[in-house]
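User: Hi! Could you walk me through this one while I have it open on my screen?

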Amino acid sequence: MAGGREIKTKIKSVQNTRKVTRALEMVSASKIRKAQDRMKASRPYANAMKQLIGHLAQANSEVQHPYLVEREVKRVGYIVASSDRGLAGGLNNNLFRKLLGEIRQWQDQGVEVQVVTIGQKATVFFRRLKVEMLASVTHIGDTPEVEQLIGIIKVMLDGYTDGRLDRVFLAYNQFVNTMVQKGSFDQLLPLPPAENKVVKHDWDYIYEPDAESVLAHVLTRYIESLVYQAVMENVASEHAARMVAMKAASDNATKLIDTLNLVYNKARQAAITQEISEIVGGAAAV
């Protein structure tokens with residue numbers, strides 16, 4: 001059994017760790033509300049854009065934009081959104097594990113896979129794998145801006161337009177609630193039709209100045225809005241996962257401190273008993 005001094009040192013160390021985890025828990029708890037508000041504020045725009053693009057995909061325009069054309073899949077790209085910091089439980093690892101399963105399925109079919117990453121964790125993770133990483137952006141903070149994401153989005157859009165990619169997906173953590181964050185995969189290109197696939201009309205939109213330029217602008221803005229919404233969902237998921245993980249760590253530290261205190265008391269009692277036995281033995285010998 002360890003000595004009393006060693007046990008006291010362990011108790012002090014665990015107490016210091018508990019202070020850190022409690023501080024991180026409170027910081028995440030204070031940030032999660034603002035992150036949720038920003039995420040919810042951006043959802044209506046993303047949903048409206050999704051509905052509009054779904055209608056455009058079913059419209060009868062004479063101009064067929066490349067983003068709306070299905071083609072044989074030989075190369076796919078993934079935009080992967082992750083956090084910059086750790087201590088968020090299994091948030092990032094669960095997403096990466098699920099994504100690796102999909103990547104292996106594509107590779108088993110002879111399909112090449114390329115990725116661009118958002119966040120330090122995804123960047124470090126994919127650098128270790130045999131997957132081609134085209135671009136990355138890190139340290140986007142708790143209040144990301146669309147301008148920070150335009151570069152990596154353009155890499156994927158140019159790859160699809162030039163024919164180097166045949167399909168583009170978006171991988172991120174969807175915020176369900178404080179306790180649940182779900183790894184999600186959305187197809188960005190080619191644009192999927194509206195969820196209601198029943199065409200209820202045979203009319204088209206009126207484009208000004210022309211259909212080609214309007215579609216190019218609207219579709220690009222649509223892709224940017226989806227990626228931005230995914231990043232906002234991921235930020236809210238990060239704070240929620242970190243808050244839960246740090247609370248669990250604080251609770252475990254409290255239990256460990258109680259256990260170590262019990263061990264310390266037993267060790268001290270054993271030492272006192274041994275000293276008394278030595279005194280009694282010495283007195284008897286005299």
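User: Let's start small. What is the bridge partner of G77 in β2?
Analyst: Happy to help, and bear in mind that this is a predicted model. In β2, G77 is partnered by Q114. That bridge belongs to the pairing of β1 (residues 75-81) with β2 (residues 112-118), where the two strands run parallel and seven bridges join them.

User: And which residue is the bridge partner of Q114 in β3?
Analyst: E132 is the one in β3. β2 and β3 also pair in the parallel sense, over five bridges. Between them the chain passes through α3, making a right-handed β-α-β crossover.

User: Nice. What's the order of strands in the whole sheet?
Analyst: The order is β3-β2-β1-β4-β5, an open sheet of five strands with mixed pairing. β3 (132-137) and β5 (181-189) are the edge strands; each has a single partner, so one side of each has no neighbour in the sheet. From one strand to the next, the twist averages 20°.

User: Back to that crossover helix. Which strands does α3 lie across?
Analyst: α3 (residues 120-127) lies across β1, β2 and β3, and its direction is at about 150° to β2.

User: Which of its residues are buried?
Analyst: A122, T123, F125 and F126 are buried in α3. Looking down the axis of α3, the buried residues fall within an arc of 170°, so they line one face of the helix. As background, an α-helix has 3.6 residues a turn, so residues three or four places apart point the same way.

User: What do those buried residues pack against?
Analyst: They pack against β1, β2 and β3, and also against α2 (91-108).

User: Switching topic: how many residues are in the largest nonpolar core?
Analyst: It has 45 residues, and those with the most contacts inside it are I118, L188, L189, L191, I223 and V227. Several elements each supply at least two residues, including α1 (4-58), α4 (150-161), β4 (167-175) and α5 (211-285). α5 gives the most, with 16 residues.

User: What does I223 touch?
Analyst: Leaving out residues up to four places away in sequence, I223 touches I153, L157, L188, L189 and L191.

User: And how many residues are in the other core?
Analyst: That one has 19 residues and lies apart from the largest core. Among its members are L99, I103, V113 and A171.

Notes
Residues are numbered from 1 along each chain as its sequence is written. This is a predicted model: local features need pLDDT of at least 70, side-chain atom pairs count only at pLDDT 80 or more; totals for chains, interfaces and linings use all residues. Side-chain values use heavy atoms; hydrogens and water are left out. Two strands pair if DSSP finds at least two bridges between them. Helices (H or I, at least four residues) and strands (E, at least two) are DSSP runs, numbered from the N terminus. Axes are lines fitted to C-alpha atoms, for helices over the stretch in contact, and angles run from 0 to 180 degrees between N-to-C directions. Contact means heavy atoms within 4.5 Å. Buried means under 20% relative accessible area, exposed over 50%, partly exposed in between (1.4 Å probe, protein chains only). The arc is that of the directions from the helix axis to the C-beta atoms. A nonpolar core is a set of buried Ala, Val, Leu, Ile, Met, Phe, Trp, Tyr and Cys residues joined through side-chain atoms within 4.5 Å. A crossover is right-handed if, with the strands pointing away from the viewer, the path from the first strand over the helix to the second runs clockwise.
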